[in-house]
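I opened this notebook to record what I looked up on the contact between two chains and on one pair of packed helices.

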Amino acid sequence: MDKIYNDFTINVATANGTGSQSSNLIILHSMFEMGVPVSGKNLFPSNISGLPTWFIIRASDKGYQAPGDDTNIQIIMNKDTWDKDLEALEPGTIVIYNEDAKMPVEREDCICLGMPMTSMARGISPKMARLMANMYYVGGIAHLLGIEEEAISSAVEQQFRGKENAIAMNLQAISEARSYASENWGDVCKFAAIAREKSSETFLIEGNEAVALGCIYGGINMLSWYPITPSSSLAEAIIHWIPQLREADDGGSTCAVVQAEDELAAAGMVLGAGWAGGRGMTCTSGPGISLMSEFIGLFYFAEVPGVIWDINRTGPSTGLPTRTQQGDLSMCYEASHGDTQHIVLIPGTVDECFEFGWRAFDYAERFQTLVFGFGDLDLGMNRWSTSGFDYPSEKMDRGKVIRTQEQLDAISDFGRYRDVDGDGVAYRTLPGSGLAPILYRGTGHDEDGIYSENPQVYYEAMQRLKKKIDGSRDVLPAPVIREEEEGDVGIIFYGSMENSIVEIDDMLEERGMSVSTCRVRALPYHSEVEKFIERHDRVVVMEVNRDGQLYGILRKELPKHLIPNLYSVAYSDGLPPKAKEYANRVVEVLEG
Amino acid sequence: MVKLNVLNLEKSEYKGGKSSLCPGCGHDQISNVIIQAAWENGIKPEGIAKMSGIGCSSKTPAYFLAKSHGFNTVHGRMPSVTTGANMVNKDLAFIAVSGDGDTASIGIGQFIHAIRRNLDMVYIIENNGVYGLTKGQYSATVEKGSKKKKGLPNEQSPIDLCAMAVNLGCTFVARSFSGSKKQLTALLRAAMSHRGMAIIDVISPCVTFANNDESYRSYNYVKSNDEVLHIVDYIPHFSPLSEVEVPEGEFSDISLFDGSTLRLETVSEDHDPADAVAALRAIHEGTRDGRHVTGLLYYNPNQPTATDALGLTDTPLMELSDEEMRPSLESLEKVNAGFRAR
């Protein structure tokens, strides 16, 4: 049979809590081991056990990482979604199913391959049969795609590290399934995995763990957190790495961790840490940002450094807690009452998750303000490829902190909020130092930090704050621009959309469009973003939300003559962005 | 000759700005006691951090200890800001002022969790039973049947912050009255010598909205219904015991963390501050009889504080060098290699 190599999508339908995650990761890692470019996405419910869950594995020599638009191989294990999973398939799809489910498989137009997975698993371990059954579809897939045995062994060992018994049992299950499939199914699959040269440098990692390591290397002194999906694994990764990486000579830790009573307290602790001269951080998701908003205004107005990572999930309200979105962008940018504006860092890769993890603290202390890290469930909780993290290229920037009387005396007209350098950033002293103490406050204050309701004092303070944040634009990460010479259409996008852009770009080029792309990596946006828009007559702002939040920000801040060039493609259904959906919408909006 | 404290500082070194509260406000008396206690205890002003939330009481850090940094935070959230500051600088002496609105309503969650962590701070509640800055609404600590100057009597049961603190295992719980300068000074000095969460609930009459005789928190009412548990005397660690007059009646001494002593002279019945049940009985009997029980209600020393439990390095984290905060290049190479080997 003529084979299609390394270009297919596998969808595994199971129930939450049945141990299928191990099986799915073994499929993913075994192909990764062979050098097949793969990505995996876990679509899980807000539930510990019982509700349906899907895992999507995409193999693509072109490096496409969006979930494939069509499923090529469907594995069905979950009775509750059985019929619907089958119904949704295109003719010709390969279906692997557990015969022991005793469910009908009425798709004559598909290639349906059954295996008595549970009864076979019972032969290895009667007690564990329900969990072990999942390992049989791994063997089935391994047979169909020709996944190398060595790669499977290595992935199983990685999954059950150190548990010799589990490794042996699972390898036996996979091997039995492979033999069964070979005898009973034969060579029916036109898709195959083929080994590619694999860099020995690359590995897969979740964005949240990459941010966590970035924070560790950014010198985080205090993590306060309140559990919330999908950010909890970020906090837990920091907690995991502290003993290894942040131990002082006396054996004590250099980073305090507090599990807060709620998100309000978590934000307050970050504020306290920043005020007292430490590097504080918390991580949360949209609902947490809503709760933290009061403190966020205090960060801004009292000019206290701090970092909050928002791992976006689908809002509004409790929304879809285990699904992804870029729905918090405008909230983060302008959170809290009154006029506010915050720095937002938007990584698009796990490498940037690490980099922005450490940089966030430098920006926060340099600009004496709150800095948001903006991630999402897709980037944060799925595994992405990296060739290893680069050590911070710059020294820590602790900002304008006066630590000695001499430093204080050197400033002729010191005031906590006086702009002596003309860049909008004033000097600060720390509690405990005895140097020029003030009572910090969220009420109106003059340049010396004294309470004031004077209209001119208030007006000038607010103008200085605007100037200060505006001054960060070209210090923050510049956009990543991929420009076609004859590019007539520009696409602006951000964050985890990076994982779909290559495929979207290819689809648009196939339709005869020449597309340049600009990935925004921070707000307030870099001057290069404006120049990119200047160079293109039509610019589509593409994002994973309903209302076009970045589009709105650009419309508000760009010079008037550029606004007619802007188009918005904003779409969100909770799932990671599929390329075709966005490509079609881009065509629609430009032609419509 | 000007009097100097143990650090050779004048009392004026501990003063603050001019108060903008109503003349006669109990809070101003408390501010004066804070100045007095910090001076007498010889605490370095620069080593103190003044913390507060929002409300009349929370404005007062501007009126004492001008040489200390402070933070007038947001309503009810002072404990979390204090927690964060404490985490990165455990050497700061935190003196916090809050009110009954700030603590018993909007901030009750943070109050509870700060106690639960045994945050190392002095937490003063200036408790008048009304919201002053918004012009005299009842707060959640006001007694059932108490009536402010205008409007109907309060019909809801009060939240007793001291009883709550005792129940939560707070390591130092005291109640006093802004008009009892001697008692309040001794208790505050003892709180400053304590390591861990020290709560002093101070009845502080609101002269503008609730100083009428029908108010359980008016000067007249408190003066005639103050049930003193014991007479308190503070003996600092830097002053030899022999110089202090030994009382004629029964007394007991309590040792504080910094080596100072709080002497409790029995008034009628002996109150054992180590006995949480006795503390709760005294509070509840007082409530039943419409009386305010004042003194050191509960004391449970030598409990681990919020930072003790974390295994932190000795140096306050905000003093660490860049090298101590950023792991080495080699360590990152090891991390990368570890992932590659997975």
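The entries below take the chain contact, then the strand pairing, then the helix pair.

Entry 1, the model. I note at the outset that this is a predicted model.

Entry 2, the contact between chains. I looked up how many residues each chain brings to the contact: chain A gives 57 residues and chain B gives 50 residues. I then asked which elements of chain B supply at least two residues each to the side that touches chain A. The elements are the strands β1 (48-52) and β2 (69-72), together with the helices α3 (78-88), α5 (108-117), α10 (322-325) and α11 (329-340). The largest share, eight residues, comes from α3(B). By class, I recorded 21 nonpolar, 18 polar and 11 charged residues on the side of chain B that touches chain A.

Entry 3, strands. I found that β2(B) pairs with strand β19 (residues 439-441) of chain A. The pairing is parallel and runs over three bridges. Within it, I located B:Phe71 of β2(B) opposite A:Tyr440.

Entry 4, a helix pair in chain A. Two packed helices are described by the angle between their axes and the distance between the axes. For helix α5 (residues 149-159) and helix α6 (residues 164-184) of chain A, I read a crossing of roughly 145 degrees, with the axes coming within 10 Å. The crossing of α5(A) and α6(A) is right-handed. On α5(A), the contact is made by A:Ile152, A:Ser153, A:Val156 and A:Glu157, and on α6(A) by A:Ile167, A:Asn170, A:Leu171 and A:Ile174. I classed the residues of this contact as five nonpolar, two polar and one charged.

How values were computed. Residues are numbered from 1 along each chain as its sequence is written. Chains are lettered from A and ligands numbered from 1 in the order in which they are written. This is a predicted model: local features need pLDDT of at least 70, side-chain atom pairs count only at pLDDT 80 or more; totals for chains, interfaces and linings use all residues. Two residues are in contact if their C-beta atoms, placed from the backbone, lie within 7 Å. Ala, Val, Leu, Ile, Met, Phe, Trp, Tyr, Cys and Pro count as nonpolar, Asp, Glu, Lys and Arg as charged, and the others, Gly among them, as polar. Two strands pair if DSSP finds at least two bridges between them. Axes are lines fitted to C-alpha atoms, for helices over the stretch in contact, and angles run from 0 to 180 degrees between N-to-C directions. A crossing is left-handed if the near helix is turned anticlockwise from the far one by less than a right angle, and right-handed if clockwise.
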